[in-house]
Amino acid sequence: MGKPGLDFPGFGVGLVILRDARILLYKRVRAPEAGYWNIVGGKVDHMEPAEQAARREAEEETGLKIGRIERIGVTEQIIDTDRQHWISLLYLARDVEGEPQLTEPDKLSDFGWFPLTDLPEPLSAFTKAAISALPSAECSQRSALSDAS
């Protein structure tokens with residue numbers, strides 16, 4: 001049958017989690033983009049609605065309770081170095097409860113809340129695409145923070 005993302009384009013989701021003008025990022029342990037800072041996300045299971053997959057993946061990876069989310073875009077990532085190809089729906093969550101945890105240490109090694117004006121490096125291509133897809137209100141807030149620095 002083959003593996004999504006490796007043998008044929010995979011279908012995934014990503015969730016930008018924002019709190020107090022900060023984005024929650026996790027550092028990846030495995031490909032694609034091992035060692036890069038990334039938003040939470042993963043693959044969509046067969047017969048699983050994408051929005052539900054985004055919420056499930058985020059809750060599994062962070063331990064947070066995810067409330068209302070909104071779709072903000074689509075991205076296609078072809079990562080030559082890892083020979084992976086993913087098409088993903090991007091979502092945004094501002095409604096989250098709890099404190100993030102490192103619940104999947106075999107997949108993620110570190111996490112933190114980062115101002116949109118001071119992001120860690122290296123940042124995954126997937127995360128850069130998600131940040132670019134943020135609504136203009138978030139971008140205005142990001143610009144205002146940059147101007148104040």
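This is a quick walk through the cores, one helix and one surface patch of a structure. Keep in mind that the model is predicted.

Let's start inside. The largest nonpolar core has 19 residues. Which of them touch the most other members? They are Val13, Leu15, Ile17, Ile66, Ile69, Tyr91 and Ala93. Now the elements behind this core. Those giving two or more residues are β1, β2 (22-28), α1 (50-62) and β7 (84-93). The most comes from α1, with 4 residues.

Take Ala93 from that list. Skip its neighbours within four places in sequence. Ala93 is then in contact with Leu15, Val16, Ile17 and Leu18. It also contacts Ile66, Arg68 and Ile69.

There is another core, apart from the largest one, and it has 16 residues. Leu18, Leu25, Ala130 and Leu134 are among them.

Ala130 brings us to helix α2, residues 125-132. Phe126, Thr127, Ala130 and Ile131 are buried there. How do they sit around the axis of α2? Looking down that axis, the buried residues fall within an arc of 130 degrees, so they line one face of the helix. The general rule behind this: an α-helix has 3.6 residues a turn, so residues three or four places apart point the same way.

Now the outside. Phe11, Val74 and Ile87 form a nonpolar patch on the surface. Together they have about 260 Å² of accessible area. Phe11 belongs to strand β1, residues 10-19. Is Phe11 buried, partly exposed or exposed? Its relative accessibility is 39%, so Phe11 counts as partly exposed. Strand β1, then, holds Phe11 and also gives two or more residues to the largest core.

How values were computed: Residues are numbered from 1 along each chain as its sequence is written. This is a predicted model: local features need pLDDT of at least 70, side-chain atom pairs count only at pLDDT 80 or more; totals for chains, interfaces and linings use all residues. Side-chain values use heavy atoms; hydrogens and water are left out. Patches are made of residues with over 30% relative accessible area and no salt bridge: like charges are joined within 9 Å, nonpolar side chains (Val, Leu, Ile, Met, Phe, Trp, Tyr) within 5 Å. Accessible areas come from the Shrake-Rupley method with a 1.4 Å probe; for residues, only the protein chains shown count as cover. A salt bridge is a side-chain nitrogen of Lys or Arg within 4 Å of a carboxyl oxygen of Asp or Glu. Buried means under 20% relative accessible area, exposed over 50%, partly exposed in between (1.4 Å probe, protein chains only). A nonpolar core is a set of buried Ala, Val, Leu, Ile, Met, Phe, Trp, Tyr and Cys residues joined through side-chain atoms within 4.5 Å. Contact means heavy atoms within 4.5 Å. The arc is that of the directions from the helix axis to the C-beta atoms.
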